[in-house]
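Thanks for making time for this one. Please have the sequence and the model open while I talk.

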Amino acid sequence: MESCFLIFAFFFAFSLASGERTLKFVTVLYRHGDRSPIKAYPTDPYQESNWPQGFGQLSQEGMRQHFELGHFLRKRYTGFLSEDYERHEVFIRSTDVDRTLMSAEVNLAGLFPPNGTEVFQPDLKWHPIPVHTVPEDKEMLLSFPLENCPRYRQLMNETEKSDIFLNMTDTYKDFIEMVRNKTGLKAASIETVWSVHDTLFCEAKHGMQPPPWVTPDVMEMLRVLKDFAFQIMFGVYKRKEKCRLQGAHLLALTGLLLEQIIKNLSTAAASDSKQELKMIVYSAHDTTVVALQEALNVFNGLQPPYASCHLIELYQEENGSFSVEMFYRNDSSVPEPYAVSLPGCSQRCLLQDFLNLTHEVIPQDWTRECQISKEATDTEIIIGLAVCGCLLFLLLSLLFVVLCRRREPLAGYSHVINESDS
Ligand code: PT3
């Protein structure tokens, strides 16, 4: 009996030590691939007609980047995903923007090249796979920052008054002024110069000669300001509250992103789970990746590169418990993505710890939290009462003056009466 127990204990310890575990569910969030600029600045020698498909479109380089990422995902999840595309296993959601929809399509070409009976045209290594989306004005999961949140606006105004923001504005004051002059922009600020960097970056990537004022030093300063603009969007000042209002709903993003992911993880981990879904893929933007990473408090402060990809993997351990591991692939030249661990947890984070640690950034009632806080409403009420009080005081004073005047003896009139009496 004793020896049986020892053998069992040995095998149990061995299986834990050898780390046998089963991958259960994967969330993939990636940025679209290389694109043309979103816009040009007024004095830009390159305008929309200089780009094959106009502004904001996925380039062939962007297509190659996502085809490569699709291949990488195929390799990483071989044995987890079925060999053939299986519609119950994967769900792909994209923002309703050409470059993200196209990125998802080309990514799927790399992830699910057709096998055997999937081939419908002998000379075509592609078969259709659905990519789901919602109209841009209904997008609550993947487009950031969400516009219809007054409290977030208020937090951004407060951010602009924070020491770090004011220091940055002061340090780069002359530089921003120079950029404004050279670009012909009417207004330039830390939050808007990112688009100048974006345009110049796209042009340089596509071999377009920059104007003489764009030296490497200027590009470097623009890059610093652009990354700072990404940092303040969901972090730097009141990060947790900004994330509750913006980033956390991916882990449910229409509850929002973070909350969605958490719901999916929990469903997949439920003991009676019959869930066939193995992977959710989100095709989105740099701001989406930043929103998620800020909500997880793992953002490295740099704009996510094209086709960068954040992976969240749910495992069932040999002892039955569930754990979460995260990876960030922001460099396709290295074979493995970087391991990312949630602050306060190890790389292999127990699901329950993961849920506990992310709980504070999940909004309970997004619509209510987005309203301007009660504190502000109270201030408004106080101001309102003060104004009413003043008006009332003026009115009473006026009334008092009128009454006093009426009570004064009507001397002239009684005198006339007296006269006629006599
Ligand atoms: O390049 O990832 C990106 C950007 O998010 C881009 O896709 C975008 O949509 N920018 C919005 C500019 C207003």
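**Notes on a predicted model**

I will start with leucine 399, which is found in helix α14, residues 374-407. Leu399 is one of the residues making a nonpolar surface patch, together with Leu392, Leu396 and Leu403. The area of that patch is about 410 Å². Keep in mind throughout that this is a predicted model.

From the surface to the interior. How many residues does the largest nonpolar core have? The number is 37, and the residues with the most contacts inside this core are Leu222, Leu225 and Phe234. Two or more residues come from each of these elements: α4 (150-159), α5 (163-171), α6 (173-183), α7 (193-205), α8 (216-234), α9 (239-245) and α11 (286-295). Helix α8 gives the largest share of the core, 8 residues.

Take leucine 222 from that list. Leaving aside neighbours within four places in sequence, what does leucine 222 contact? The partners are Phe175, Val179, Val193, Val196, His197 and Leu200.

Phe175 comes up again among the aromatic pairs, of which the structure holds 7. Phenylalanine 175 pairs with tyrosine 172, and the geometry is edge-to-face, with 6.3 Å centre to centre and 75 degrees between the planes. Are these two residues buried or exposed? Both tyrosine 172 and phenylalanine 175 are buried.

Another pair is phenylalanine 201 with tyrosine 306: 6.3 Å centre to centre, 45 degrees between the planes, and therefore tilted, as edge-to-face needs over 60 degrees and stacked under 30. Phenylalanine 201 counts as partly exposed because its relative accessibility is 31%. Tyrosine 306, at 11% relative accessibility, counts as buried.

Next to Tyr306 in the numbering is alanine 307, in the loop between α11 and β5. The phi of alanine 307 is near 60 degrees, which is a positive value in a residue other than glycine. Why mention that? Most residues other than glycine have a negative phi. Alanine 307 is buried, since its relative accessible area is 9%.

Which other residue has a positive phi although it is not a glycine? Asparagine 297 does, at about 60 degrees. Asparagine 297 also lies in the loop between α11 and β5, with β5 covering residues 309-317. With a relative accessible area of 38%, asparagine 297 is partly exposed.

Two more positions, beginning with a strand residue. Serine 94 is found in β2, which runs over residues 90-94. Why does serine 94 count as buried? Its relative accessible area is 0%, so serine 94 is buried. Not counting residues up to four places away in sequence, serine 94 touches Thr100, Leu101, Val131, His132, Thr133, Val134, Glu139, Leu142 and Ser283.

Lysine 125 sits in the loop between α3, residues 98-111, and α4. Is lysine 125 buried or exposed? Lysine 125 is exposed, because its relative accessible area is 74% and the cut-off is over 50%. Proline 114 is 11 residues from lysine 125 along the chain, and their C-alpha atoms are separated by 6.1 Å.

To recap the core: α8 provides 8 residues, and Leu222 is among those with the most contacts inside the core. I will stop there and take comments.

Key: Residues are numbered from 1 along each chain as its sequence is written. This is a predicted model: local features need pLDDT of at least 70, side-chain atom pairs count only at pLDDT 80 or more; totals for chains, interfaces and linings use all residues. Side-chain values use heavy atoms; hydrogens and water are left out. A nonpolar core is a set of buried Ala, Val, Leu, Ile, Met, Phe, Trp, Tyr and Cys residues joined through side-chain atoms within 4.5 Å. Buried means under 20% relative accessible area, exposed over 50%, partly exposed in between (1.4 Å probe, protein chains only). Helices (H or I, at least four residues) and strands (E, at least two) are DSSP runs, numbered from the N terminus. Contact means heavy atoms within 4.5 Å. Patches are made of residues with over 30% relative accessible area and no salt bridge: like charges are joined within 9 Å, nonpolar side chains (Val, Leu, Ile, Met, Phe, Trp, Tyr) within 5 Å. Accessible areas come from the Shrake-Rupley method with a 1.4 Å probe; for residues, only the protein chains shown count as cover. A salt bridge is a side-chain nitrogen of Lys or Arg within 4 Å of a carboxyl oxygen of Asp or Glu. Rings of Phe, Tyr and Trp (its six-membered ring) pair if their centres lie within 6.5 Å; planes under 30 degrees apart count as stacked, over 60 as edge-to-face and the rest as tilted.
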